Amino acid sequence: MTRNVTAQCYLAFIAVLALQGCGPGGEPVSEINATAAANLPKLETPTFPDTDSPWWRGVDRDGHAAGSAPTSWSETENIVWKVPIPGRGHSSPTIVGDRIYLTTADDTQQVQSVLALDRETGDVVWQTPVHTGGFPTDSYMHPKSTHANGTVACDGERLYIAFLNSDAITMSALDLAGEILWQTYVCDFSSHYGHAASPCIHQSLVILAAEDRDGGCIAAVHRETGDIVWRKPRGGENYSSAVVAHVAGRDQLLLSGGDYVTSYDPLTGDELWSCPGTTSTTCGTMVWDEERVFASGGFPDSMTICVDASTGNEVWHNGVRCYEESMLVHEGYLYALDGQGVAYCWDGVTGAEQWKERLGGPVSSSLVEADGIIYGANENSTMFVFRADPTRFELLAENQLGDESFATPTISDGRIYIRVASHTDRGREEFLYCVGE
């Protein structure tokens, strides 16, 4: 999952669900046509300096960060600060200006919140409860998922986040002081793994995937008003975040899952093309180069696929499964760290395998890159650091903070922000680290 890819799935458990169904049934989602919102204010996509990370997977939405970052650290080396995070979540840090924004959930009190932290010190500036109550029962929610999986998106004036609460997905907007501005019901939603997708900002819209096998959708909400601008039904239980990419000469809204790789017009939700590929269920966010898009999944089959973004035709595929993890494109090559902890490099044009290396899993978080160095963590909180080099695999470091890691790290302005948990005699404790030289 998004997460921000972060709702965690055991294959055997999914197979049981396929036979038993998936929670309480929901009504099919009705379609909303974009023409109904023609008179809403027109906004431009916000721009940010490369020292910020305003949404899932960074400024360019692809896992790349500007500049360089440390390659080695420990509890006593290259730690700028370490702060406890109340509750539990798998979302990544969002960084804009002097603030870090993070979602979290208190399972005991049943509270889903957004936190703002000071970027320099890690001190909590404010915490806003967005929902209280409405959590599924323990028997209904998978133990490796959380109630705060999605990563906050920021347009410079407002923060956007969607939570699963009371068997529905609700999109919320907050101002930068933490006040709730509006909340919009998106659709009913029932899943044993929670909701994982992170919101994506494009022009006037905040776009969100919310795919429930009983009647999910992909929808766009107006950033200022909270009105639903368009909504398209999608079937199947899926956890990938939709992402807008400028590829093959146009803006395309990309989403995998439901046995297809699909491209939509982000302003209207109209389908541009659809290619059979990946699998029924995926969690990772798609990646791209100038002419091609790449996706991987999932359940019940395993596939990584390359699709021509002009025609929607398959270019190549293989049998590798990157289920929960998002991949990374760098200088024409596709890099991946699959769920079992095996790293791969493929030629983006031909699909030819350049190398593969077993590092150690399981893995749920996604790859990120800075200055030609790739970072990927496994669930045991070991961060593997290796060079983006198609000619050979070169491991630069293995770093350990805590003993549990599902959230994807955020690299920004030479620092790495890492959300992990530690288990001690006091129980499970969650922390955010700022790693920097």
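Biologist: Which two strands form a hairpin with two residues between them?

Modeller: Look for β32 and β33 in this predicted model. Two residues sit between β32 and β33, and together the strands make a hairpin. They run antiparallel and are joined by nine bridges. To find one of these bridges, start at H423 and look across to R428 in β33, its bridge partner.

Biologist: How many bridges pair β31 with β32, and in which sense?

Modeller: There are three bridges, and the pairing of β31 (residues 410-412) with β32 is antiparallel. Here S412 has R415 of β32 as its bridge partner. The hairpin of β31 and β32 also has two residues between the strands, and D413 takes a positive phi near 55° there.

Biologist: How many of the residues in β32 are buried?

Modeller: Seven of the 10 residues in β32 (residues 415-424) are buried, so the strand is mostly covered, given that buried means under 20% relative accessible area.

Biologist: That positive phi caught my eye. How should I read a backbone angle like that?

Modeller: Start from the general idea: most residues other than glycine have a negative phi, and most peptide bonds are trans. Now try R61, which is not a glycine and yet has a positive phi of about 65°. You will find R61 in the loop between α1 (11-20) and β1 (64-65). Q203 is not a glycine either, and its phi is positive at about 50°. Q203 lies in the loop between β11 (200-202) and β12 (205-210).

Biologist: Is R61 buried or exposed?

Modeller: R61 counts as buried because its relative accessibility is 9%. Q203, by contrast, counts as partly exposed, with a relative accessibility of 25%.

Biologist: And where is the cis peptide bond?

Modeller: Go to the bond from G361 to P362, which is cis with omega near 0°. P362 belongs to the loop between β26 (353-358) and β27 (368-370).

Biologist: Let's turn to cysteines. Why is there no bond between the sulfurs of C187 and C217?

Modeller: First, the general idea: a disulfide is a covalent bond between the sulfur atoms of two cysteines. The cut-off for counting one is 2.5 Å between the sulfurs. The closest cysteine sulfur to that of C187 is in C217, but at 3.7 Å it is too far for a bond. C322 is in no disulfide either, as the nearest cysteine sulfur, that of C283, is 11 Å away. The count of disulfides therefore comes to zero.

Biologist: Are C187 and C322 buried or exposed?

Modeller: C187 counts as buried, at 1% relative accessibility. C322 counts as buried too, with a relative accessibility of 1%.

How values were computed
Residues numbered from 1 in each chain as written. Predicted model: local features only at pLDDT ≥ 70, side-chain atom pairs only at ≥ 80, totals over all residues. Heavy atoms only, no water. Helix = DSSP H or I, 4+ residues; strand = E, 2+ residues; numbered from the N terminus. Buried < 20%, exposed > 50% of the residue type's maximum accessible area, 1.4 Å probe, protein only. Pairing = 2+ DSSP bridges.
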